Amino acid sequence: MTIYNLYIFDRDGQMLHYAEWVRKKQSGMSRSQVSPVDLREGYLTYCTNKYRLHLFETPSRIKFVLNTDAVATGIKELLHQIYTQVYVEYVVFNPMCPLSKPIESELFAARLDEVVRQSPAYASRPA
Amino acid sequence: MAEEAVFDLIHMEAVSYVFQGEKISEDEAVAKLEHMGFATGYRLVERLTRESGRFKDELDIMKYICKDLWVTVYKKQIDNLRTNHQGVYVLHDNRFRFLSHMAAGKQYLQYAPRYLAFTCGLVRGCLANLGVTCVVTAEVTQLPACKFQIQVQRG
């Protein structure tokens, strides 16, 4: 399992943050299977033969989009953790971060990286 | 948890409110926050010490500030208290609540003093009501750590 990259968008679709860990650009590949599952609770995911995209949307309509390989699990919990323990703590409660502007806080970026690297989905990636 | 969040956010808004507008200088804004802190501390300490006995001496009062007051307001104790025994006390907080969500390092360092003014006033207000007249200043070199210096005025 491995985690590729993460986008955070606000309710208007403006990108607030982008982070990547592993990204192999694979353009022009064919999508063999697109299957939204688990539409409740603001969580949505689809899978192609090469990767899986996870979308988590909060009640305030902030969107977290995370790409992983096709077999990664526990990503819904990870996204919820990123929202509550990283975004809320270090953006919402940071007086220096205007909401709905791209996030400039270094502490936020550092904590995000830490949480992703500690997640089982990241740790168990093949060599 | 929720009431702490409200306190954090209202403090955040208080800072941004006094710094709004072009007419006001940095010093004036800081003085306003310090005054708000003073008035808050002056009343707060009356309420907090209603069950405690009288304090033995000045150091006893400082220990009270570092432990009870800090735990009540910031949910943690001061990490280190130093004094030269001539009326200067230095309180080290290695993870000051109002700075802990901002940065770990030097980012936003120039804005950090704004978030310390209220607390300087709070400490000065508490001490004033306990009979200690003093000047309280704060210093940050690396977020989220900071130190508050209390200089007692004699005579």
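**Close-up views of a sheet and its helices**

**View 1. An open sheet in chain A.** In this predicted model, five strands of chain A, all paired in the antiparallel sense, make an open sheet with the order β2-β1-β5-β4-β3. At the edges you will find β2 and β3 (43-47) of chain A, each of which pairs on one side only. From one strand to the next, the twist averages 10°.

**View 2. The pairing of β3(A) with β4(A).** Here β3(A) meets strand β4 (residues 52-57) of chain A, and the two pair in the antiparallel sense over 5 bridges. To find your bearings, look for T45(A), which stands opposite H54(A) in β4(A).

**View 3. Helices packed on the sheet.** α1(A) packs on the sheet and touches β1, β2, β3, β4 and β5 (63-68) of chain A. The direction of α1(A) makes about 135° with that of β5(A). α2(A) also packs on the sheet, where it touches β1 and β2 of chain A. For α2(A), the angle with the direction of β2(A) is about 50°.

**View 4. Strand β5(A) and its two partners.** How many of the 6 residues of β5(A) are buried? The count is 5, so this strand is largely enclosed by the rest of the structure. β5(A) pairs in the antiparallel sense with β1(A) over 6 bridges, and its antiparallel pairing with β4(A) also runs over 6 bridges. K63(A) in β5(A) is a handy landmark: F9(A) stands opposite K63(A), and so does E57(A).

**View 5. The hairpin of β4(A) and β5(A).** These two strands form a hairpin with 5 residues between them. In the turn, R61(A) has a positive phi of about 70°.

**View 6. Helix α2(A) and its buried face.** Helix α2 (residues 106-118) of chain A has 13 residues. From its first C-alpha to its last it reaches 18 Å, close to the 18 Å expected at 1.5 Å a residue. Its buried residues are L107(A), F108(A), R111(A), L112(A), V115(A) and V116(A). Seen down the axis of α2(A), these buried residues fall within an arc of 160°, so they line one face of the helix. An α-helix has 3.6 residues a turn, so residues three or four places apart point the same way.

**View 7. The surroundings and the N-terminal end of α2(A).** What do the buried residues of α2(A) pack against? Their partners are β1 (3-9), β2 (15-20), α1 (75-92) and α3 (120-123) of chain A, together with α4 (97-100) of chain B. At the N-terminal end, S105(A) caps α2(A), with a side-chain oxygen 3.3 Å from the backbone nitrogen of L107(A).

Note on methods
Residues are numbered from 1 along each chain as its sequence is written. Chains are lettered from A and ligands numbered from 1 in the order in which they are written. This is a predicted model: local features need pLDDT of at least 70, side-chain atom pairs count only at pLDDT 80 or more; totals for chains, interfaces and linings use all residues. Side-chain values use heavy atoms; hydrogens and water are left out. Helices (H or I, at least four residues) and strands (E, at least two) are DSSP runs, numbered from the N terminus. The expected span of a helix is 1.5 Å times one less than its number of residues. Buried means under 20% relative accessible area, exposed over 50%, partly exposed in between (1.4 Å probe, protein chains only). The arc is that of the directions from the helix axis to the C-beta atoms. Contact means heavy atoms within 4.5 Å. A polar contact is a pair of N or O atoms within 3.5 Å; within protein, one must be able to donate a hydrogen and the other to accept it, and residues adjacent in sequence count only if both atoms are side-chain atoms. Two strands pair if DSSP finds at least two bridges between them. Axes are lines fitted to C-alpha atoms, for helices over the stretch in contact, and angles run from 0 to 180 degrees between N-to-C directions.
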